[in-house]
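Student: I'd like to learn how to read a structure like this one. Could you put it up so we can go through it together?
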Amino acid sequence: MKLFGSKRSGARLAKNRSGGSAVSAPAAPRKTRRRNPLKTLAVVLACLLGLELCYFFCIYTDNAFVTKWRTAYIETAMDTLSHKWLATAIIPSDVIARVMDSRTQSLINMDGMETTWGKEEEPADPVQPEEPAELQQPENTVTEITVVEKEDPEKAARDAFYELYYEIDSDSMEAWLNKHPETLANGWEGIVINEAGLDDGGTEIETVHGEQVLAIDVPNKLLLVRVEGSGYQGVLAIGKDNSRLKVFPSSKLGSSGEYAGTIASNNNGVLGMTGSGFIDPDGNGNGGLLAGYAMCDGVAYGDGHMGWGNKRLELHEDNLFYIKDVAAPVGEGTTDAVEFQPALIIDGSIVVDANCGWTGLQPRACIGQSDKYEFLMLVIEGRMPWRSTGTHVIECAEILKRHGCMQAMNLDGGTSAIMWYDGEYVTKCSNQSLPSGRPLPTAFVYQRGE
């Protein structure tokens, strides 16, 4: 009986046990190559030297490209309370001071610059001479009768629309109406187009400046357009009834702020945007502590005015914006006001330039008024490289200026910059975890028509 396989296998086993040639000798161990520690150290030192040279180049070079981005980084960090340490930890204080000194110089240049415009008084109606007594018509004379053609109401309504929305390109508007005839279901006076939501793509309608129209709201006399440029995008809202804009406070002011959309909704608003700044210790403020002074419908808020260099934007009973230094007395007839910096446009002239000290690429919120007394409300998204990096205040001033802006001021930007329209936010907060932005002490609210 075989217990361990065949004879052949048993023979192999016996042969292996006896040290036959079938068993291979163990391989000799391979020699391990030892690393040269001096060479490794040299590589590390070379890398550190390269980084150091790169650091000093970026910090001290006058190269225009590097200077632009170094300045933008410093301004961005220094404007964000919770991020200042990022700049102060790696950039020498004298370099930071040199950048921020340009801002101080700009504020010195603006000191005392104030709005001087005002509405021209309507000329009095001329006194009409008394008409002579009706003369007796001689008999057998033919009186000439002038027939006045009745104006087409449809044409009159269309003309009124293009007069109100003069910035809309009529060809693109007519193309939209041909494609969407339901837009005129309530007539030209009832046109409401809303493609401004974050999930909407806007319309094919354009302005004469080439901007994409996002919303047309004739009952509320509003127009929303997309503004965009190199690395940024945002929304410009144009309110054509200057009696509808107010500043409203958070209902919890003093303890906490409220979102722009909440403040607008609570005050019959169709549109709301960033208002006053707020005290924000370590970036953890809740919007309840107003920075400086504000006035809402004639009621003053705040424990004092903001410091030197800030400006106050006042809305008067004549529905006009007036910009002045915070140290100046609040103007007579002021109904609403906020304080911040810098002024962008005063009496039609842009007052910021490339040396103004606000050239960082930031989320921005600005407000102004045109030569037609329309309100211009601008929010630029930022800190989202895949969508919008942000922009500087000069670009904001130029956007407003092409819409005829006469007075404009920069407002609290960063994570506070946001716009809400008709129940939804139409711009994104720079902090993606805050879809409604940050709670605010006040908001500009454009109210619905009655």
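Student: Let me start with one residue: is D422 buried, partly exposed or exposed?

Tutor: With a relative accessibility of 34%, D422 counts as partly exposed. Buried means under 20% relative accessible area, exposed means over 50%, and partly exposed is in between (1.4 Å probe, protein chains only). Before we go on, this is a predicted model: local features need pLDDT of at least 70, side-chain atom pairs count only at pLDDT 80 or more, and totals for chains, interfaces and linings use all residues. Residues are numbered from 1 along each chain as its sequence is written, and side-chain values use heavy atoms, with hydrogens and water left out.

Student: Which residue does D422 meet in a salt bridge?

Tutor: First the general idea: side chains of opposite charge can pair when their charged atoms come close. The cut-off here is a side-chain nitrogen of Lys or Arg within 4 Å of a carboxyl oxygen of Asp or Glu. In this structure, D422 meets R448, at 2.9 Å from N to O. R448 lies in the segment after β19 and D422 in the loop between β17 (419–421) and β18, so this salt bridge ties together parts that are 26 residues apart in sequence. R448 is partly exposed too, at 31% relative accessibility. As for those labels, helices (H or I, at least four residues) and strands (E, at least two) are DSSP runs, numbered from the N terminus.

Student: How many salt bridges does the structure hold?

Tutor: There are 13. One of them joins D280 and R438, whose closest N and O atoms are 2.8 Å apart. That pair links distant parts of the chain, 158 residues apart: D280 is in the loop between β6 (269–274) and β7 (294–296), while R438 is in the loop between β18 (424–425) and β19. Here D280 counts as buried at 12% relative accessibility, and R438 is buried at 11%.

Student: What about K311: which residue forms a salt bridge with K311?

Tutor: That's D325, with the closest N and O atoms 2.5 Å apart. D325 lies in strand β10 and K311 in strand β9, so the pair ties together parts that are 14 residues apart in sequence. K311 counts as buried, at 1% relative accessibility, and D325 is buried at 13%. Strand β9 itself covers residues 311–316. There's another contact to find: a polar atom of the K311 side chain lies 2.8 Å from the backbone oxygen of M110.

Student: Now the rings. How many aromatic pairs are there?

Tutor: A pair of aromatic rings is described by the distance of the centres and the angle of the planes. Rings of Phe, Tyr and Trp (its six-membered ring) pair if their centres lie within 6.5 Å; planes under 30 degrees apart count as stacked, over 60 as edge-to-face and the rest as tilted. The structure holds eight such pairs. Take F161 and W188: their ring centres are 5.3 Å apart and the planes meet at 55°, so this pair is tilted. F161 sits in helix α6 (residues 153–164) and W188 in the loop between α7 (170–179) and β1 (192–194), so the pair ties together parts 27 residues apart in sequence. F161 is buried at 3% relative accessible area, and W188 is buried at 5%.

Student: And how are the rings of F321 and F444 arranged, stacked, tilted or edge-to-face?

Tutor: Their centres are 6.5 Å apart and their planes are at 75°, so they are edge-to-face. F321 lies in strand β10 (residues 321–325) and F444 in strand β19 (residues 442–447), so the pair ties together parts that are 123 residues apart in sequence. F321 is buried at 1%, as is F444 at 3%.

Student: Which residues do ring pairs link into a cluster?

Tutor: The cluster holds F161, Y162, Y165 and W188.

Student: One last spot: where is Y73?

Tutor: Y73 is in helix α3 (residues 64–79), and is partly exposed at 35% relative accessible area. Look for G360 as well: Y73 and G360 are 287 residues apart in sequence and 6.6 Å apart in space, C-alpha to C-alpha.

Terms used. Polar contact = N/O pair within 3.5 Å; in protein donor to acceptor, adjacent residues only side chain to side chain.
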